[in-house]
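Visitor: I'd like a quick tour of this one, mostly side-chain pairings and backbone oddities. Can you walk me through it?

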Amino acid sequence: MTSEPSVVGQFPPELLTVICAHVYAAGLPPPTSSLDPLLCADQPGIPTGLPSSFPPAYWPESVVRRTLANLCQVNKAWYEAAKPWLWRKIEIRLPRSWLSIVEEVAGGDDEDVSEEQAALMVDQTLRSAETAALAAKTLLGESSGNDDAEELHDKVLERLSGPDISIPPELLTPPASRDPSPRRLRTKSKSPARWKLMRSISVAVQDVMERAHPGIYVPPPHDPHPGRFVRHLDFNHFRTIGMRRLVEEGVNNRFVTGDRLAAVLKELPNLLVFGATEYMDGALTFPVLKELLLRGSASRGRGRPSRGRDVVIPDPNDPEQEDLARRRECKDLEAVDLTGCVSGVFVSALSQFVNTFLLGHSDSDSSDSEDERERRPRRRNLVQEEPLTFPGMRRLGLRGVKSLQPHILEPFVLAFPHLTHLDLSCTRITPEGLAALGASPTVRLQSLALERCNWLTGESIRNFLVEAPAAQDIRELSLYGDWTFPSPLTEEQLRDIVALAPCFKHGQLVYLDLSSAPVTRELLLDVCAPQPRLRSLGLSHIRNLELGAVAEFLTTKANNVEILTLVTSTPELGYGDPVVTSRQATINLHTQLIRPLCTPPFSFSLSSKPKVEDPPTRLRVIELAPPLLTSLGAGAGTWRIVRSKGGRGWYVDAASGWTAQVSTDPNEAEERKGSVLRRDLEPNHTWRVELESLADANGNVSSGVGWHARKMEILHGDGLLGREAGLYGAVAFAYQG
């Protein structure tokens with residue numbers, strides 16, 4: 001019995017690519033988040049693409065990668081379709097996997113075999129390009145035999161041996177036919193970059209075919225390296241803990257080195273997103289920062305005279321000019337997350353980068369005499385260059401980069417004129433730097449985090465939020481402070497912000513954190529405008545704020561708030577002047593906040609079934625201080641205590657969650673489709689069971705479990721409402737300080 005051929009095997013390559021694109025898109029979070037962690041990873045199902053807690057809105061990363069990897073093993077057609085999407089996002093997790101990436105993308109870091117690999121690559125590329133040229137010639141109706149192939153090969157080699165082609169002659173001969181002369185073994189020249197070799201071969205073949213057949217098109221040779229597919233590279237999950245290495249090995253034999261990282265970045269021309277952590281910030285050297293930032297439009301505009309009067313003739317043999325030419329063909333970087341990068345290597349490299357490219361100072365400036373420093377500005381003014389900017393950058397995360405001095409940090413931030421997401425929490429940003437950012441005519445921030453910036457003043461924050469054009473479109477704002485680093489705002493300054501700032505006046509905020517700010521009852525109920533879009537609100541470390549004022553504000557002006565933080569806040573919970581026992585604090589929490597805001601109003605009818613009305617608000621998660629959570633015991637009713645991997649904890653309504661209503665019936669009403677916040681989930685509902693298991697785990701959970709993030713999600717652009725795991729997730733949800 002013969003099996004019939006599969007219909008899928010007859011699909012065109014374009015359709016296979018679309019299928020793989022949908023598989024990859026199934027792992028992307030929806031534009032509107034459910035604010036809940038992804039818990040049902042073992043039951044992925046069909047991703048809804050809606051803000052739903054269950055069924056999951058998107059697939060876990062592991063499911064997407066496993067699916068694409070399986071598609072690569074079907075046949076060659078599926079392999080070609082799935083490979084670009086499998087390599088599109090790279091998350092480095094283990095040291096050995098990083099070494100495998102270096103080997104696959106950059107060809108390893110062994111200099112002894114680099115020339116042999118380059119020669120082999122040139123020979124394979126030549127054969128591929130010549131085959132494509134002969135195929136194009138056949139389409140014109142001309143026959144091509146072995147003699148034609150040899151003739152084309154000789155002409156291409158002659159063209160590549162010309163003075164305007166920068167390919168060394170020894171690379172044009174196969175490695176096996178070389179003459180190992182002592183002269184060649186003694187002199188070790190640097191081979192051109194792989195991208196330049198392939199472009200030279202493509203130009204040579206096209207030129208030879210154009211002379212014989214004007215107007216003919218020869219497709220470029222196939223590049224087997226996967227680096228051109230990579231759009232996302234981050235080290236969020238990278239760890240070396242638990243490898244039983246000696247301290248000396250950890251210092252002298254690092255896995256992620258500057259040379260390896262620079263070699264990989266050179267092979268990623270389409271990279272858009274890069275994330276680093278404190279576990280590998282020692283590899284962020286000056287060459288790595290140049291390779292990372294000076295690409296795309298930044299390389300095309302660097303060093304260009306503003307008036308165009310001077311003509312600069314670059315040296316083709318200069319390695320710096322070669323790197324500059326290669327980086328011009330790369331895409332602009334869109335997002336960089338440098339959370340927690342504080343090593344001396346990184347600080348020194350970034351200082352050198354800012355001094356060299358943004359401030360125009362060289363390392364020799366400090367050793368020059370005073371007369372030479374006075375004469376240098378006059379010489380530079382003769383050729384006035386345009387300032388270096390990075391117009392492609394949209395999202396920048398510098399949270400916890402405390403080692404950068406203001407004279408380095410501020411020019412670096414101001415060099416990005418089109419930012420929409422900026423996280424400057426726990427940095428040394430000054431009032432002058434914040435004012436300069438606000439004066440930018442092109443910056444339009446949508447998400448801003450200024451958490452615990454102890455160099456800022458209340459007046460500078462007030463002026464920025466009220467008067468700066470860059471702050472008019474803010475939808476997510478974090479001004480978090482605690483008792484260690486309280487908010488610098490006074491009551492009058494906070495009143496001006498709430499009453500006059502465009503983001504407050506227009507009611508467009510979806511995330512707001514005013515922890516430790518002097519928030520009062522009058523400010524919430526009389527001054528603040530309604531906030532119908534607000535979903536996550538932080539009011540921690542405010543001792544004198546009445547719990548009743550918070551409940552009234554949520555009921556009358558912000559009834560869509562789902563997450564509320566009250567860590568060491570309100571006198572009713574025991575953090576004011578009057579003494580309140582822990583038992584009374586738990587009673588006040590339920591009677592004054594949870595029951596009035598989270599319970600549907602009572603209705604009774606004798607004639608028909610009473611209509612169940614929604615609760616006054618959507619409140620379902622409350623962050624509380626650990627002592628108060630301990631006093632709550634196991635919770636009351638459907639409310640349970642979920643603790644993070646660190647010191648944070650939440651009081652969560654396990655019977656509430658966003659559920660998706662997906663239907664294929666076109667006749668079903670539109671209002672019955674989409675996502676709905678249910679407050680009455682059954683005890684055996686999957687989402688409720690998962691929340692119950694989190695409560696039973698007592699903090700033994702992943703770093704991505706939590707609510708009301710304190711770190712901005714930079715890499716995907718989800719902002720302060722985004723979800724993260726790994727080290728970024730620990731900073732966002734686990735760390736208490």
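Visitor: Let's begin at arginine 462. Is arginine 462 buried or exposed?

Guide: Keep in mind that this is a predicted model. The relative accessible area of arginine 462 is 14%. The cut-off for burial is under 20%, so arginine 462 counts as buried.

Visitor: And which residue does arginine 462 form a salt bridge with?

Guide: Look for a carboxylate here, since side chains of opposite charge can pair when their charged atoms come close. The closest N and O atoms of this pair are 3.2 Å apart. The partner has a relative accessible area of 54% and is exposed. Arginine 462 pairs with glutamate 467.

Visitor: How many salt bridges does a search of the whole structure find?

Guide: A pair counts when a side-chain nitrogen of Lys or Arg lies within 4 Å of a carboxyl oxygen of Asp or Glu. With that rule, the search of the whole structure gives 23.

Visitor: How many residues apart are aspartate 337 and lysine 711?

Guide: These two form a salt bridge, with 2.8 Å between the closest N and O atoms. The pair links distant parts of the chain: aspartate 337 sits in strand E4, and lysine 711 in the loop between helices H25 and H26. Both aspartate 337 and lysine 711 are buried. Along the chain, their separation is 374 residues.

Visitor: Which residue forms a salt bridge with arginine 648?

Guide: Arginine 648 is in the loop between strands E13 and E14, and its partner is in strand E12, 25 residues apart. Arginine 648 is buried at 3% relative accessibility, and the partner is buried as well, at 2%. The closest N and O atoms lie 2.8 Å apart, and the partner is glutamate 623.

Visitor: On to the cysteines. Why is there no bond from cysteine 453 to the closest cysteine sulfur?

Guide: Cysteine 453 is buried, at 6% relative accessibility. The closest cysteine sulfur belongs to cysteine 426. A disulfide needs two sulfurs within 2.5 Å, so this pair is too far for a bond, at 6.8 Å.

Visitor: How many disulfides does the structure hold?

Guide: Cysteine 341, for one, is buried at 0% relative accessibility. As for disulfides in the structure, the count is zero.

Visitor: What about the second largest pocket: how many of its lining residues are charged?

Guide: The pocket holds about 740 Å³ of space, and 31 residues line it, with Arg723 and Glu724 among those nearest its centre. Helix H2, strands E1 and E2, and helix H26 each give two or more residues to the lining. By type, the lining has 13 nonpolar residues and nine polar ones, and the charged residues number nine.

Visitor: Now the backbone. Which proline follows a cis peptide bond from phenylalanine 54?

Guide: Most residues other than glycine have a negative phi, and most peptide bonds are trans. Here omega is near -5°. The proline is in the loop between helices H1 and H2, and it is proline 55.

Visitor: What is the phi of histidine 541?

Guide: Histidine 541 is in the loop between strand E10 and helix H22. It is buried, with a relative accessible area of 14%. Although histidine 541 is not a glycine, its phi is positive, at about 60°.

Visitor: And what is the phi of threonine 570?

Guide: Threonine 570 lies in the loop between strand E11 and helix H23. Its relative accessibility is 0%, so threonine 570 counts as buried. Its phi is positive too, near 70°.

Conventions:
Residues numbered from 1 in each chain as written. Predicted model: local features only at pLDDT ≥ 70, side-chain atom pairs only at ≥ 80, totals over all residues. Heavy atoms only, no water. Helix = DSSP H or I, 4+ residues; strand = E, 2+ residues; numbered from the N terminus. Buried < 20%, exposed > 50% of the residue type's maximum accessible area, 1.4 Å probe, protein only. 1 Å grid on protein atoms, 1.4 Å probe; cavity = no way out; pocket = protein on both sides within 12 Å on 5 of 7 lines; lining within 4 Å. Points joined across faces, edges and corners; volume = space filled by probe spheres on them. Nonpolar A, V, L, I, M, F, W, Y, C, P; charged D, E, K, R; others polar.
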